[in-house]
Amino acid sequence: MNPATRAPARARRRGARVARWALACWMAVCLPVPAQDDPHAAHRAALARAQGASPTRVALPGTRLSMRDGSAVRLQADSFDDRIVVIDFVFTQCTTICPALTAVMASVQRGLEPGADDWLLVSVSVDPAHDTPARMDAYARNVGAGRNWWWLTGAGGEVDRSLRAFGLPPGRPQDHAPMVLVGHPASGQWLRWVGMPSPKQLLAAVASLRASATRPGPQRTAHAQP
């Protein structure tokens with residue numbers, strides 16, 4: 001194969017793999033199953049209660065987490081500079097809602113300008129006991145995560161404090177609620193979805209926060225597509 005065509009071909013194969021993965025996990029989570037036989041009952045219940053975005057407050061706790069290359073990062077506003085951040089919560093052994101959330105994040109990655117440096121995707125593990133940086137790296141590579149998509153894990157206590165800061169109670173990984181936030185840490189503006197937002201909704205929220213963050217004056221309010 002001509003070297004010039006290899007990268008697009010790999011990207012198409014990776015996109016098809018993510019799409020098949022998303023369909024499979026949607027079927028696992030959304031199709032009816034008798035309650036007594038359903039290991040994904042908590043995820044189904046959370047999706048049934050899904051709602052639109054709501055403004056929220058997030059106090060970044062300054063916790064020390066690990067990137068997928070093993071380097072450390074502090075969960076504080078200046079770690080994100082002036083970027084708009086899209087955050088979800090996953091674990092690498094999840095076979096239901098996490099692959100679907102990851103497929104949404106992958107679509108958002110494709111929808112944002114690849115050359116721009118004013119956005120960041122962040123996936124935080126809810127299972128730090130198993131999700132080492134190496135595991136997070138393998139998972140991220142498999143879904144085509146680029147340089148603007150961080151994958152964070154860390155010591156249990158640090159991860160628990162991080163989850164609480166975003167409004168996600170720590171607990172059994174398989175019971176975590178599907179949740180996505182879009183925020184501008186530098187200004188403290190945040191939107192939260194509990195459930196499964198669409199890529200279109202998240203991209204609209206990123207655009208709204210970009211406009212709000214660059215607008216002069218103290219009255220800056222973000223709006224999201226319902």
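What share of the contacts in the protein with a separation of 6 or more is accounted for by residues 24 or more positions apart? In this predicted model, such residue pairs make up 71% of the contacts in that class. The protein comprises 6 helices and 8 strands, which follow one another from the N terminus in the order α-α-β-β-β-β-α-β-α-β-α-β-β-α. Of its 226 residues, 46% count as buried.

An open sheet of 6 strands, with mixed pairing, is arranged in the order β1-β8-β7-β4-β5-β6. Strands β1 (54-56) and β6 occupy the edges with a single partner strand each, so one side of each has no neighbour in the sheet. On average, and with direction ignored, neighbouring strands of this sheet are turned by 25 degrees against each other. Within the sheet, strand β7 (residues 179-184) and strand β8 (residues 189-194) are paired in the antiparallel sense over 6 bridges, and His 184 is found opposite Gln 189 of β8. Strands β5 and β6, by contrast, run parallel and are joined by 4 bridges, with Trp 151 of β6 serving as the bridge partner of Ser 123. Between these two strands the chain passes through α4, and the resulting β-α-β crossover is right-handed.

The side chains of the edge strand β6 (residues 149-152) alternate in direction: Trp 149 and Trp 151 point one way, Trp 150 and Leu 152 point the other way, and all are buried. Trp 150 is also among the contacts of Ser 79, a residue placed in the loop between β3 and β4. Once neighbours within four places in sequence are left aside, Ser 79 is in contact with Val 73, Arg 74 and Trp 150. With a relative accessibility of 18%, Ser 79 counts as buried.

Two of the helices can be described by the strands that they lie across. Helix α3 lies across β4, β5, β6 and β7, and runs at about 160 degrees to β4, whereas α4 lies across β5 and β6, and runs at about 150 degrees to β6. In helix α4 (residues 133-142), the buried residues are Met 136, Asp 137, Tyr 139 and Ala 140. Around the helix axis these residues cover an arc of only 165 degrees, which places them on the same side of α4. The exposed residues Ala 134 and Arg 141 are carried on the face turned away from that buried side. Just after the helix, Gly 144 adopts a positive phi of about 75 degrees.

Side chains of opposite charge can pair when their charged atoms come close. Over the whole structure, a search finds 9 salt bridges. One of them is formed between Asp 137 and Arg 68, whose closest N and O atoms are 2.9 Å apart. Because Asp 137 belongs to helix α4 and Arg 68 to the loop between β2 (64-66) and β3 (72-74), this pair ties together parts that are 69 residues apart in sequence. The relative accessible area of Asp 137 is 18%, and the residue is therefore buried, given that burial is defined as under 20%.

A further salt bridge joins the side chains of Asp 117 and Arg 83, at 3.9 Å from N to O. Asp 117 lies in the loop between α3 (97-111) and β5 (119-125), while Arg 83 lies in the loop between β3 and β4 (84-90), so that this pair ties together parts 34 residues apart in sequence. The two partners fall into separate accessibility classes, since Asp 117, at 46% relative accessibility, counts as partly exposed, and Arg 83, at 11%, counts as buried.

In the salt bridge between Glu 158 and Arg 161, the closest N and O atoms are 3.6 Å apart. Both residues lie in helix α5 (residues 156-165), 3 residues apart, or about one turn of the helix. Glu 158, at 21% relative accessibility, counts as partly exposed, as does Arg 161 at 40%. Elsewhere, salt bridges that share partners join Asp 81, Arg 83, Asp 117 and Arg 147 into one network.

Note on methods:
Residues are numbered from 1 along each chain as its sequence is written. This is a predicted model: local features need pLDDT of at least 70, side-chain atom pairs count only at pLDDT 80 or more; totals for chains, interfaces and linings use all residues. Side-chain values use heavy atoms; hydrogens and water are left out. Buried means under 20% relative accessible area, exposed over 50%, partly exposed in between (1.4 Å probe, protein chains only). The arc is that of the directions from the helix axis to the C-beta atoms. A salt bridge is a side-chain nitrogen of Lys or Arg within 4 Å of a carboxyl oxygen of Asp or Glu. Two strands pair if DSSP finds at least two bridges between them. A crossover is right-handed if, with the strands pointing away from the viewer, the path from the first strand over the helix to the second runs clockwise. Contact means heavy atoms within 4.5 Å. Axes are lines fitted to C-alpha atoms, for helices over the stretch in contact, and angles run from 0 to 180 degrees between N-to-C directions.
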